[in-house]
Amino acid sequence: MLPRLSFGEQWSRSRDLFIQDLGDTFRNCEVNYRLYRNHGSLRSYQMKSVNIARDRAIEEGVHHA
């Protein structure tokens, strides 16, 4: 998807430089990232994730009680 975006090439270069700056300490670590269309999309994703975590915590609390 990234190559299709108008800023994809520039973003890829920045990402590669960032990873290079991290050095060997993080060389074998998986790094995940996500691009959002706008702030509302970011907020929506965060709210969905919080709700999932809350529901899991409630469910696990019930099962471990």
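Reader: By class, what does the lining of the largest pocket in this predicted model have?

Author: Ala, Val, Leu, Ile, Met, Phe, Trp, Tyr, Cys and Pro count as nonpolar, whereas Asp, Glu, Lys and Arg count as charged. The model is predicted, and its largest pocket is lined by M1, L2, L5, F7, Y33, L35, Y36 and R37. By class, that lining has seven nonpolar, no polar and one charged residues.

Reader: What volume does the largest pocket have?

Author: Among the residues that line the largest pocket are L5 and L35. L5 lies in the segment before α1, while L35 lies in the loop between α1 (8–22) and α2 (39–64). The volume of the largest pocket is about 190 Å³.

Reader: Which residues form a nonpolar patch on the surface?

Author: Residues of a patch have over 30% relative accessible area. L35, with a relative accessible area of 36%, is partly exposed. The patch has about 280 Å² of accessible area together, and its members are F7, Y33 and L35.

Reader: Which side chain meets that of R13 in a salt bridge?

Author: Side chains of opposite charge can pair when their charged atoms come close. The partner of R13 is four residues apart from R13 in helix α1, so about one helical turn separates the two. The N to O distance in this salt bridge is 2.9 Å, and the partner is E9.

Reader: How many salt bridges does a search of the whole structure find?

Author: The side chains of D16 and R15 meet at 3.1 Å, N to O. Those of D55 and R54 meet at 3.0 Å, N to O. With the pair R13 and E9, the search of the whole structure finds three.

Technical notes
Residues are numbered from 1 along each chain as its sequence is written. This is a predicted model: local features need pLDDT of at least 70, side-chain atom pairs count only at pLDDT 80 or more; totals for chains, interfaces and linings use all residues. Side-chain values use heavy atoms; hydrogens and water are left out. Patches are made of residues with over 30% relative accessible area and no salt bridge: like charges are joined within 9 Å, nonpolar side chains (Val, Leu, Ile, Met, Phe, Trp, Tyr) within 5 Å. Accessible areas come from the Shrake-Rupley method with a 1.4 Å probe; for residues, only the protein chains shown count as cover. A salt bridge is a side-chain nitrogen of Lys or Arg within 4 Å of a carboxyl oxygen of Asp or Glu. Buried means under 20% relative accessible area, exposed over 50%, partly exposed in between (1.4 Å probe, protein chains only). On a 1 Å grid over the protein atoms alone, a cavity is a set of points where a 1.4 Å probe fits but cannot get out, and a pocket is an open set with protein on both sides within 12 Å along at least five of seven lines; lining residues have an atom within 4 Å of a point. Grid points are joined across faces, edges and corners, and a volume is the space filled by probe spheres set on the points.
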